[in-house]
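Please work through the exercises below with the sequence and the structure at hand. Each task is followed by a stepwise solution.

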Amino acid sequence: MNKPLRRIAIFCGLLVLTLLLRDNWLQYVKADTLKTDPKNRRVTIARYSTPRGDIIVDGDPVTGSTASSSSGLNDLKYKRTYKNGPMWAPVTGYASQAFGANQLESLEDGILTGDDDRLFFRNTLDMITGKQRSGGNVVTTLNAAAQNAAYNGLKKQGGKGAVVALDPSTGKILALASYPSYDPSAFAGASDTDAEAWKKLQKKYNPSDPMLNRALRETYPPGSTFKVVTAAAALQNGLYTSADEATKSPLPYVMPGTTTELKNEGSIPCKNATMRIALRYSCNTVFGKIGADLGNDKMLAEAKKFGFDQEQFTPVRSSASVFSDDMNQSQTALSSIGQYNTAATPLQMAMVASAVANDGKLMKPYMIDKLQSPNLDTISQTDPEEMSQPLSAANAQVLQSMMETVVKQGTGTNAQINGVTVGGKTGTAQHGVENSENPYAWFISYAKLPDGSKPVAVAVVIEDDQANRDDISGGGLAAPIAKSVMEAVINSKK
């Protein structure tokens with residue numbers, strides 16, 4: 001071969017090698033990036049080329065698919081539909097041709113579209129037989145009756161708020177409601193009407209922020225409901241060994257290092273009160289002093305055992321609740337009654353009630369029971385998982401007796417259920433600079449049946465900007481909703 005031909009051959013070989021390198025780079029290195037690129041319309045076309053699988057509650061789908069009628073976008077054949085969309089939106093999230101997806105619709109998109117690798121053999125069989133590919137199902141742990149009670153309780157209240165209910169023995173999420181909410185069907189397509197509906201839901205145009213999942217993503221000062229955590233810390237660290245031991249709690253109580261008195265609400269019997277009496281009447285002085293006496297490190301350690309300071313994945317991500325470190329004694333005192341920097345999601349406070357109810361064992365919360373193939377075979381099953389042990393069984397039972405006194409004789413009487421033992425704690429958390437805005441109303445609780453089982457623990461928080469300030473209380477606003485959710489779970493098991 002003469003020299004010019006050899007040069008041409010080498011040059012052509014280099015071109016081929018470059019093409020091969022480029023091809024492999026695109027197919028293997030950049031494949032995932034290109035696949036998820038929002039400008040890659042092929043992904044959207046594929047996602048909506050067949051009906052999506054369903055999200056299931058109590059054996060029935062709360063989602064569906066319908067032929068798309070979006071003008072000019074005939075390549076998107078199907079769009080998502082939702083049954084009772086506003087009620088289930090905090091669970092399902094949305095799947096929109098124009099605006100993508102979130103929550104379960106996004107996290108389990110592969111199963112719902114049928115594109116998950118675990119469906120490979122099923123898809124191969126369908127391709128051979130000529131059957132249209134279809135998506136699998138996401139079977140949730142939700143209880144439809146409990147969710148209905150939670151959502152409609154919030155809706156009737158009329159303010160903002162959230163409810164979370166858990167099965168203490170497994171960690172299954174039984175209810176996850178947020179209000180105000182939105183209908184994911186309103187913007188499931190890609191028409192101008194869908195775009196307008198989406199715009200109206202954005203916080204910029206709608207200050208009530210209906211697309212905020214308050215059950216998982218909003219943190220609130222938990223107020224007096226946090227006293228349950230403080231009581232647990234006192235018992236676990238041996239500061240007090242029983243519910244009926246007198247505490248060393250003077251009146252007035254001046255917070256360490258300050259000249260500021262920590263006040264109680266009204267004239268209540270808090271001087272040297274037992275923890276049972278202090279929880280029944282919600283004595284700030286008793287639990288503030290407990291927190292200061294234990295110190296920041298011990299309080300923080302106990303809060304973390306309940307799940308504070310870490311995100312939870314249900315699998316939908318929940319914001320981390322907060323109990324600060326590096327606080328002085330007076331700051332720790334305020335944090336120990338659920339004020340100062342302390343902040344919690346409704347999920348977190350449901351976890352607190354759940355751990356106490358489950359004899360001190362905290363189970364990891366989850367909302368997906370199993371994933372199914374299109375022919376309803378189980379692809380994966382979620383097994384309950386212990387997350388931590390915030391209390392010993394003996395101390396948990398002491399704390400249960402205290403919470404049950406709150407409902408029998410204290411601030412939580414509105415949560416009483418005939419024939420059922422209910423334990424609970426109310427909370428009215430300060431809100432705004434120098435408590436200038438309406439407080440948040442909280443209630444956490446669990447139900448104990450005559451056979452000793454505890455099928456449900458609940459947390460409710462209410463924001464009501466329009467209510468008379470003096471009418472806002474955890475026992476008055478939040479406890480009745482918790483009661484209805486507990487009753488719904490109990491009745492569904494009969």
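The exercises concern a disulfide, a covered helix, backbone exceptions and a surface patch.

The model is predicted: local features need pLDDT of at least 70, side-chain atom pairs count only at pLDDT 80 or more, and totals for chains, interfaces and linings use all residues. Residues are numbered from 1 along each chain as its sequence is written, and side-chain values use heavy atoms, with hydrogens and water left out.

**Exercise 1.** Identify the disulfide of the structure and describe its setting.

*Solution.* Begin with the criterion: a disulfide is a pair of cysteine sulfur atoms within 2.5 Å. Cys270 and Cys283 satisfy this, with sulfur atoms 2.1 Å apart. Next, take the torsion about their S-S bond, which is about -85 degrees, so the disulfide is left-handed. Then place the partners: Cys270 is in the loop between β11 (261–262) and α11 (275–281), and Cys283 in the loop between α11 and α12 (284–294), so the bond ties together parts 13 residues apart in sequence. Helices (H or I, at least four residues) and strands (E, at least two) are DSSP runs, numbered from the N terminus. Finally, both Cys270 and Cys283 are buried; buried means under 20% relative accessible area, exposed over 50%, and partly exposed in between (1.4 Å probe, protein chains only).

**Exercise 2.** Determine how many residues of helix α10 are buried, and inspect the backbone just after the helix.

*Solution.* Helix α10 spans residues 227–236, and nine of its 10 residues are buried. Among them are Lys227, Thr230 and Leu235. Just after the helix, Gly238 adopts a positive phi of about 75 degrees.

**Exercise 3.** Compare the settings of Asp209 and Asn272, and locate two cis peptide bonds.

*Solution.* Start from the expectation that most residues other than glycine have a negative phi, and most peptide bonds are trans. Asp209 departs from this with a positive phi of about 50 degrees; this residue belongs to the loop between α9 (192–201) and α10 and is buried, at 14% relative accessible area. Asn272 likewise has a positive phi, near 50 degrees, but lies in the loop between β11 and α11 and is partly exposed at 35%. Turning to the peptide bonds, Leu251 and Pro252 are joined in cis, with omega about -5 degrees, and Pro252 lies in the loop between α10 and β10 (253–254). The bond from Thr314 to Pro315 is also cis, with omega near 15 degrees; Pro315 is in the loop between β12 and β13 (317–318).
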